[in-house]
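This report describes a protein and the ligand bound to it. The reader is invited to follow each part of the account on the structure shown below.

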Amino acid sequence: MGDAASQGQGPGQLPAERTAPGDSDLVRAARGLPVARTPVWFMRQAGRSLPEYRALRAGTAMLAACQDPDLVTEITLQPVRRHGVDAAILFSDIVLPLVVAGVDVEIKPGVGPVIAEPVRSVADVDALPPLEPDRLAFLETAVRQLVSELGPTPLIGFAGAPFTLATYLIEGGPSKEHARTKAFMYAEPAAWARLLEHLSVSAAVFLRAQVDAGASAVQLFDSWAGVLSAADYAERVLPYSRAVFDGLGDRDVPRTHFGVGTGELLALIGDAGADMVGVDWRVPLDEAARRVGPGYSLQGNLDPAVLLADRETIDREVRRIVQQGRAARGHVFNLGHGVLPDTDPGALTHVVELVHELTTR
Ligand code: CP3
């Protein structure tokens, strides 16, 4: 397992030119500092697009796998070895803090998180169990193992933002319109505030555990925030995402904030306390840079569906994004959302090579 990190050779080559993950191109780009080349990683880079992932996961439920430090370590390393990406992201899930706290959640294959007893009342909010930090020993073990295996490659820790977790808790599972969530937000403002406060505390506990064990950067996923108007987002959601970042105190790791369909929210999203804003494929990065304003790096924003197209199309889109990303103070190449399960892993490796080739200073 340690070979990939120490050898730095072959197709799964790890960047060897820097020695400390805290000084890696990923961390530097997120902070707007000069880089050797544009760093690249992929949301959901560990997962079903990789045959080695499917083999390792066979017979183990998703949420059990997330709590097994050796499996977490191995699954997290798989895409780093295979693609030579510039960062690892911890193999886990946004619902894990709920699971560890004792909420009955299952991840149904092909569906997503399903909650046995959805939150529908003030009493339901008050009954949510808190996340006790001492139940995260498995996570700390996984992060420590990973940091030692990864050498100079940074590990990104992550958490789900309060709003996106609230959608699962209230809807009881994945949803398109998030109508129940919004109805609860409008009709029960006090319970809404308590729910988001609860979720911001557990997200902060979850992130702190990862950073204190050695993660070099963090990302807060507010995947479904794009369903909100800017006014509702600013008033009823943003303060709780800010509380998550604030919960990191002075821990010196760059912070990324990401959501899907957030074009109308880009001016606000960084304001939660991010160094870097993740952008989906709907807004080109030069326009996104204008909307987020100075003081933020950008991450993104290749449409994951492009990876299902021919090489010529992929190359054209990668070149466009690299070019438009130059408008930001720093750019981390990524997809606009997670890798689709049908993606040919070879296309991902190719994108890593192309981004590096196009941007080596
Ligand atoms: O990015 C990575 O490689 C790290 C691992 C990661 C997973 N989930 C693993 C996973 C991360 C960062 C997440 C975050 C997550 N989980 C988000 C935010 C990011 C996003 O995609 O918007 C959300 C909304 C979830 C909730 C969730 N968990 C969904 C929607 C699904 C997919 C359901 C399905 O089967 O299509 C999951 C399950 C999940 N999380 C899988 C993986 C690899 C697939 C489970 C499997 O392999 O059986």
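## Ligand site and sheet

Arg 44 is found in the loop between α2 (25-31) and α3. In this predicted model, Arg 44 has a positive phi of about 60°, although the residue is not a glycine.

Arg 44 also belongs to the surroundings of the ligand. The shell comprises 26 residues, of which the closest are Arg 44, Tyr 53, Gly 110, Ser 223 and His 337. By class, 16 residues of this shell are nonpolar, six are polar and four are charged.

Which atoms of Arg 44, Gln 45 and Arg 57 lie at short range from oxygen atoms of the ligand? The table lists these contacts.

| Residue | Part of the residue | Partner | Distance |
|---|---|---|---|
| Arg 44 | backbone N or O atom | oxygen atom of the ligand | 2.6 Å |
| Gln 45 | backbone N or O atom | oxygen atom of the ligand | 3.2 Å |
| Arg 57 | side-chain N or O atom | oxygen atom of the ligand | 3.0 Å |

Arg 44 and Gln 45 thus take part through the backbone, whereas Arg 57 takes part through its side chain. On its own, the ligand has 870 Å² of accessible area, and the protein covers 92% of this. Two elements, α3 (51-57) and β3 (112-115), each give two or more residues to the shell around the ligand.

The account now turns to the sheet. In what order do the strands of the open sheet follow one another? Seven strands form this sheet, in the order β1-β4-β5-β6-β7-β8-β9, and their pairing is parallel. The edges are β1 (88-89) and β9 (331-335), each of which pairs on one side only.

At the edge formed by β1, this strand pairs with β4 (residues 155-160) in the parallel sense, over two bridges. Within this pair, Ile 89 stands opposite Ile 156 of β4. Helix α15 (residues 285-292) packs on the sheet, where the helix touches β7 (276-278), β8 (297-302) and β9. The direction of α15 makes about 145° with that of β8.

Strand β8 has a further feature in its backbone. Asn 301 is found in this strand, and the peptide bond from Gly 300 to Asn 301 is cis, with omega near -10°.

Terms used. Residues are numbered from 1 along each chain as its sequence is written. This is a predicted model: local features need pLDDT of at least 70, side-chain atom pairs count only at pLDDT 80 or more; totals for chains, interfaces and linings use all residues. Side-chain values use heavy atoms; hydrogens and water are left out. Two strands pair if DSSP finds at least two bridges between them. Helices (H or I, at least four residues) and strands (E, at least two) are DSSP runs, numbered from the N terminus. Contact means heavy atoms within 4.5 Å. Axes are lines fitted to C-alpha atoms, for helices over the stretch in contact, and angles run from 0 to 180 degrees between N-to-C directions. A residue is near a molecule or strand if one of its heavy atoms lies within 4 Å of it. A polar contact is a pair of N or O atoms within 3.5 Å; within protein, one must be able to donate a hydrogen and the other to accept it, and residues adjacent in sequence count only if both atoms are side-chain atoms. Accessible areas come from the Shrake-Rupley method with a 1.4 Å probe; for residues, only the protein chains shown count as cover. Ala, Val, Leu, Ile, Met, Phe, Trp, Tyr, Cys and Pro count as nonpolar, Asp, Glu, Lys and Arg as charged, and the others, Gly among them, as polar.
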